[in-house]
Amino acid sequence: MAMMVFCSDCKRETEAILDTRQGDTICTECSLVLESHHIDESSEWRIFADSDDNGKYDRERVGSKQNLLLDQAILQTFASNPNPKKGGGGGPFVGSLNSLNQSNSDKGLTEGFKMIENMADNLGVVRTIKDGACEIFKNVEDNKSCRGRNLKATVAATLYIACKELKLSRTLKEISRVADGVAMKEISRAVEVIKKRMEVETGGVQPAELVRRFCSKLNMNYQAIKAVEEAVEAVENFDIRRNPKSILAAIIYMIDQVSGSARSFKEIAIVAEVAEGTVKGSYKDVAPLASKLIPKWYPQQVLV
């Protein structure tokens, strides 16, 4: 790197170069070392890892942030191959060190936390839910509540419970989709085990918790969404023995008919993730209660 500096031997400004290896600033005309032990204060983008599939390198200069749920706060030491025959040379001491790391109690937690992070990102949920799922998973691991169960199913169950606790419920089908296809029955069993052993109350998914998400997917306006919310609240006073999602789908269809949007049963069934015939059956149960469920302000408001 060249620069103009004043040289005491040449008695004038001359071009100098910086030897980054030695840290010396050298005059190009008389070779005088003008400054030694130069400190480079810029970021040290030295990369030792291979590039990814896109030919890009990981430019992060630090590791993961500290996780207070981990006993060792994710600080670990890893040594090279302890087997001299395979290129290593650490001897038995290095082998022992690696064994200690591999048996570290945080290893299972770290793996579970990474799964939660990935599933939550694919599900599109907020950080609060991720943190809640991590706390539940930590308790599960500490109490060995799900020992012997599929790790992905356990992680998916903690995410399901965390969503439920914050009243931002996701269905088992949605959770199963981001859990690499782990069966919904397996996730449901893991949820039941965690509920019993950790005294977590979840209950079933209530229609009110799904209103805004389903209505948004159907591009319904604010007034229609508000009407659906009030109708869902009112339907709790009646004994309709149907799946919560099918009841919500039927109410959405009913509000849609009043507003004149007239979406088909099929469109609403796809969003609600239930069969078209199920929505039709629920609508037959809900329709007779229309006068008691649809807010009195809604038809007039729409027709204005």
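A salt bridge here is a side-chain nitrogen of Lys or Arg within 4 Å of a carboxyl oxygen of Asp or Glu. With that in hand, a search of the whole structure turns up 11 salt bridges. Keep in mind as you look around that this is a predicted model.

Let's begin with how far to trust it. The chain has a mean pLDDT of 76, with 71% of its residues at 70 or more. Confidence is lowest in helix H1, residues 91-102, where the mean is 51. It is highest in helix H5, residues 172-178, at 89. Where pLDDT is low, the predicted coordinates should not be read in detail.

Now to the charged pairs. Side chains of opposite charge can pair when their charged atoms come close. A good place to start is Arg127, which forms a salt bridge with Asp131, with 3.4 Å between the closest N and O atoms. Both residues belong to helix H3 (residues 127-142), and because they are 4 residues apart there, about one helical turn separates them. An α-helix has 3.6 residues a turn, so residues three or four places apart point the same way. Arg127 has a relative accessibility of 37% and counts as partly exposed, and Asp131 is also partly exposed, at 35%. This pair does not stand alone: Glu117, Asp121, Arg127, Lys130 and Asp131 are linked in a network of salt bridges.

Next, turn to Asp180, which forms a salt bridge with Lys152, the closest N and O atoms being 2.8 Å apart. Asp180 sits in the loop between H5 and helix H6 (184-198), while Lys152 is in helix H4 (residues 151-165), so this pair ties together parts that are 28 residues apart in sequence. Asp180 is exposed, with 61% relative accessibility, whereas Lys152 is partly exposed at 29%.

What about a salt bridge between buried residues? The side chains of Arg263 and Asp256 meet in one, at 2.8 Å from N to O. Buried means under 20% relative accessible area. Arg263, at 15%, therefore counts as buried, and Asp256 is buried too, with a relative accessible area of 1%.

Asp180 deserves a second visit for its backbone. Most residues other than glycine have a negative phi, and most peptide bonds are trans. Asp180 has a positive phi, near 55 degrees. Ser31 also has a positive phi, near 65 degrees. Ser31 is found in the loop between strand S3 (24-27) and strand S4 (33-35), and it is exposed, with a relative accessible area of 54%.

Finally, follow helix H8, residues 222-235. At 1.5 Å a residue, its 14 residues should span 20 Å, and the C-alpha atoms at its ends are indeed 20 Å apart, so the two values agree. At the start of H8, a side-chain oxygen of Asn221 comes to within 3.2 Å of the backbone nitrogen of Gln223. Which residues of H8 are buried? They are Ala224, Ile225, Ala227, Val228, Ala231, Val232, Ala234 and Val235. Try picking these residues out along the helix in the structure above.

Definitions and conventions
Residues are numbered from 1 along each chain as its sequence is written. This is a predicted model: local features need pLDDT of at least 70, side-chain atom pairs count only at pLDDT 80 or more; totals for chains, interfaces and linings use all residues. Side-chain values use heavy atoms; hydrogens and water are left out. pLDDT is the predictor's confidence in each residue, from 0 to 100. Helices (H or I, at least four residues) and strands (E, at least two) are DSSP runs, numbered from the N terminus. Buried means under 20% relative accessible area, exposed over 50%, partly exposed in between (1.4 Å probe, protein chains only). The expected span of a helix is 1.5 Å times one less than its number of residues. A polar contact is a pair of N or O atoms within 3.5 Å; within protein, one must be able to donate a hydrogen and the other to accept it, and residues adjacent in sequence count only if both atoms are side-chain atoms.
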